[in-house]
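Reader: I should be grateful for a close look at a single part of this model, followed by its setting in the whole. Please state the cut-offs behind each term as it arises.

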Amino acid sequence: MMARCLLLLALCWAWIGPAQAHKASDSYLTLAVQNEKIEGQWDIALRDLEMAVGLDANDDAAITWDEVRARHEAIAAYALARLKLAGDGQACSLRVSEHLIDRHTDGAYAVLRLRGACPAPVATLTVDYSLLFDIDPQHKGLLRLTHGTATSSAIFAPDARSQALQVAAPARWRQFVDYVRHGVWHIWIGFDHILFLVSLLLPAVLVRRDGQWQGRETLRACVIDVLKIVTAFTLAHSLTLTLAVLGALSLPSRLVESLIAASVILAALNNLWPLVQRWRALVAFVFGLIHGFGFASVLADLGLAQGALVLSLVGFNVGVELGQLAIVAVFLPLAYAMRRGLFYRRAVMAGGSALIALLAMVWLAERALDLKLMT
Amino acid sequence: MLGKIILLFACACTLAPAGAAPSIPASGSQVLERLPGGLDPARRELQGLRAALSGKPNDLTLATTLAQRYIEQSRRDGDPRYLGYAEAALAPWWTQPQPPSPVLVLRATLRQSTHQFGPALTDLDAVLKRDSGNSQAWLTRATVQLITGDFAGARASCMRLYSRAPELVVQACLSSVGSVSGQAGASYERLRQTYTARADASPALRAWVATLLGEMAARLGRPDAAEAHMREALAFDAADSYLLGAYADFLLDRDRAPEVIKLLKDKTQADALLLRYAIALKNAGAPGAAQASAELAARFEAAMRRRDSVHQREQARFELALRGDTAAAVRLAKLNWAVQKEPADLHILAQAALASKDPEATAIVRNWLGSSKIEDATIAPTIARLGAKA
């Protein structure tokens with residue numbers, strides 16, 4: 001403590017500023033980038049603007065709103081000349097759309113609302129910042145950049161005037177991963193899809209001979225059957241999912257949900273009283289079309305990533321397929337190992353199918369009649 | 001000379017909430033900001049110097065004069081913006097490999113103010129290598145060494161001031177070092193005698209020696225003498241933010257919070273004074289304590305956003321006294337101690353160590369008490385409890 005005093009003793013010689021202080025000069029810059037469009041806000045302290053362009057017209061050490069208003073053009077020109085934005089190397093335009101006033105911890109700030117545009121959608125935004133550095137080298141520019149739901153920040157100082165910030169690439173990749181995760185999650189919690197798939201897969205390790213189920217001879221035959229069913233289901237639901245998301249097709253969700261329940265019933269009953277045997281892949285395809293509408297409504301609830309429709313669609317679909325593959329990966333080895341035993345045919349195949357059918361009937365009743373039978 | 005500046009400063013934006021929402025002011029005549037310095041001639045003088053320098057940016061004398069004036073202004077108002085302006089005035093020489101000596105001394109001063117003690121010493125040593133008679137460089141060097149706890153080095157630097165600086169300055173330098181390194185009583189007495197003998201010194205110098213004496217007396221456990229010294233200093237300059245902080249601490253140590261509230265009510269613009277004000281409100285159970293604390297939190301947050309770490313001492317005190325976050329307090333107090341080692345730094349470190357029971361902080365305090373031989377009645381109760389706990 002006394003060191004501070006000590007230096008002051010030499011006041012007539014030179015002295016040191018104490019750390020007890022308000023903060024040094026900062027400006028607060030917020031930018032939101034969406035494709036090629038830029039919106040933003042820039043808060044610059046009135047005290048700093050007074051030093052830079054002069055605000056106190058009547059020189060009474062008090063800055064009024066009228067005095068600030070009279071200098072709006074000069075403020076905008078001064079600020080914009082010291083902020084250069086470029087999207088992937090190409091300069092972006094920037095203008096001030098509105099002037100406001102706000103308070104920060106160290107006083108009143110001019111608030112400049114910014115609008116700008118880049119020649120093309122921005123992947124990397126380069127920000128060149130040189131506000132006030134000539135007047136106050138301890139000034140810092142605090143940038144917050146938002147793109148979609150992601151936010152990044154940067155600090156500009158005399159030795160860090162230019163910084164490149166990733167806008168698209170990592171955000172897109174993250175979005176994609178997010179949608180993949182949503183897709184997997186939806187399969188995991190969407191029992192109707194799982195049970196439909198399981199109903200179709202249960203007989204895949206068996207073959208119908210003389211009105212009796214028998215275990216298939218080779219793994220290869222089993223795998224081919226599974227592959228056919230899964231591929232048909234995937235193709236079908238991807239098709240309707242895409243068409244529905246693009247707005248080309250739409251069905252009322254109650255109808256879709258009811259039809260999905262019905263599809264599970266039919267698939268399960270077909271295992272008990274086989275009507276369709278060799279064409280199960282076709283069944284998977286037809287009902288897969290309905291399930292696709294179900295996925296679409298989930299995706300609609302999640303919301304599509306702004307400006308990244310294909311990305312979210314593909315991501316979600318990849319997630320659904322990954323979830324499906326996980327089910328198959330667990331199911332196939334177990335079923336193949338047990339396929340010849342009575343337990344599989346009676347308990348798993350017949351009993352399981354009956355249970356699934358029963359459960360799906362409850363769903364159908366609930367969905368078609370808008371009831372609540374199970375909690 | 002140490003004028004009457006801050007007056008207009010306080011009224012503008014006391015305890016306004018930060019960053020509410022941008023809006024258009026209701027009327028054109030509404031005052032949005034009052035410029036620090038107000039109508040004081042000092043502000044005009046600075047404006048004039050700045051205008052003159054912009055016409056002749058390479059005029060060394062003009063530039064160093066302006067930089068020096070800005071540094072003084074920063075100290076008086078507790079406003080770091082002036083430090084940036086000072087640096088800007090020195091821009092033509094700032095990045096030169098061998099800046100002129102006056103620029104180096106000022107650069108060291110500016111670097112010290114942002115806690116770049118190492119680079120500051122490098123600048124000063126460069127000056128003294130060229131000119132071992134530069135008393136300002138020796139004094140600044142002593143100060144940096146004192147802050148960083150290099151008492152032997154500080155004493156040696158003070159000795160170089162003999163016959164180069166006024167007697168009161170030399171004695172203040174030596175007593176400042178002696179007072180925290182085992183010769184508290186003798187250092188106080190010697191400085192008091194010189195102070196009495198040198199009634200002809202400038203009021204600014206006398207004000208600061210009185211402040212020093214006040215702090216020394218408080219550490220010696222002589223509160224009546226301490227208060228008399230501080231009041232004398234206040235009579236020279238009632239608006240000095242450093243002195244107000246020191247006096248507020250003295251009062252807070254003696255449970256005289258209501259007096260602190262009265263003293264600092266209109267001076268909360270400086271963070272260090274807002275801190276004491278908020279603590280006083282809390283201790284007195286006065287309304288507005290929470291609001292003052294929230295305002296202070298916003299200021300620390302703003303400082304951290306720009307990655308400033310010069311406020312760690314104050315922030316540690318804030319966490320301990322106002323937030324009750326002992327873990328944060330001791331973490332900050334230790335970080336601060338790694339940088340500076342003045343009695344106030346030891347004070348907060350000891351209190352945080354006691355509250356958090358942090359063994360590392362306790363060990364640092366104990367080792368420092370042993371090695372520095374500091375005598376300080378104001379932290380004795382804390383130290384006693386710290387010792388009893390161990």
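Author: The account below starts with one sheet and then widens to the rest of the two chains.

The model is predicted, and local features are reported only at pLDDT of at least 70, side-chain atom pairs only at pLDDT 80 or more, while totals for chains, interfaces and linings use all residues. Residues are numbered from 1 along each chain as its sequence is written, and chains are lettered from A and ligands numbered from 1 in the order in which they are written.

The part chosen is an open sheet of six strands in chain A, with the order 6-7-2-1-9-10 and mixed pairing. Strands here are DSSP runs of E with at least two residues, helices are runs of H or I with at least four, and both are numbered from the N terminus; two strands pair if DSSP finds at least two bridges between them. Strand 6 (93–104) and strand 10 (150–156) of chain A form the edges and have a single partner strand each, so one side of each is left without a neighbour in the sheet. From one strand to the next the twist averages 15°.

At the strand 6 edge, strand 6 and strand 7 of chain A are antiparallel and share 11 bridges. A hairpin of two residues links strand 6 of chain A to strand 7 of chain A. Within this pair, A:Leu94 has A:Gly116 of strand 7 as its bridge partner. On strand 2 (residues 37–45) of chain A, nine bridges lead to strand 7 (residues 107–117) of chain A, and these two strands also run antiparallel. Two residue pairs can be named between them: A:Ala45 has A:Tyr109 of strand 7 as its bridge partner, and A:Glu39 stands opposite A:Arg115 of strand 7. Helix 4 (residues 72–80) of chain A packs on the sheet, where it touches strand 2, strand 6 and strand 7 of chain A, and its direction makes about 110° with that of strand 6 of chain A. Such angles run from 0 to 180 degrees between N-to-C directions, the axes being lines fitted to C-alpha atoms, for helices over the stretch in contact.

A further open sheet in chain A has four strands in the order 5-4-8-11, with antiparallel pairing. Strand 5 (90–91) and strand 11 (162–166) of chain A lie at its edges with a single partner strand each, so one side of each is left without a neighbour in the sheet. Two bridges pair strand 4 (residues 83–87) of chain A with strand 5 of chain A in the antiparallel sense; A:Ala86 has A:Ala91 of strand 5 as its bridge partner.

Chain A as a whole has 11 helices and 13 strands. Of its 375 residues, 44% count as buried, a residue being buried if 20 or more other C-beta atoms, placed from the backbone, lie within 10 Å of its own, exposed if 12 or fewer, and partly exposed in between. Helix 6 (residues 191–201) of chain A is mostly covered, with eight of its 11 residues buried; among them are A:His193, A:Phe196 and A:Leu197. In chain A, 71% of the contacts with a separation of 6 or more join residues 24 or more positions apart, contact meaning that C-beta atoms, placed from the backbone, lie within 7 Å.

In chain B, 21 helices and one strand are found, and 52% of the 390 residues count as buried. Of the contacts in chain B between residues at least 6 apart in sequence, 51% join residues at least 24 apart.

Helix 15 (residues 271–284) and helix 17 (residues 312–323) of chain B pack at about 10°, with axes 11 Å apart. These two helices of chain B are therefore roughly parallel to each other, a term for angles under 35 degrees, with over 145 roughly antiparallel, 65 to 115 roughly perpendicular and the rest oblique. Helix 15 of chain B contributes residues including B:Leu275 and B:Ile279, and helix 17 of chain B residues including B:Arg317 and B:Phe318.

The largest nonpolar core has 113 residues, and B:Val209 and B:Tyr277 are among those touching the most other members; such a core is a set of buried Ala, Val, Leu, Ile, Met, Phe, Trp, Tyr and Cys residues joined through C-beta atoms within 7 Å. Helix 11 (residues 203–219) of chain B gives the most to this core, 11 residues. A second, separate core has 52 residues, including A:Leu197 and A:Ile229.

Notes:
Contact = placed C-beta atoms within 7 Å.
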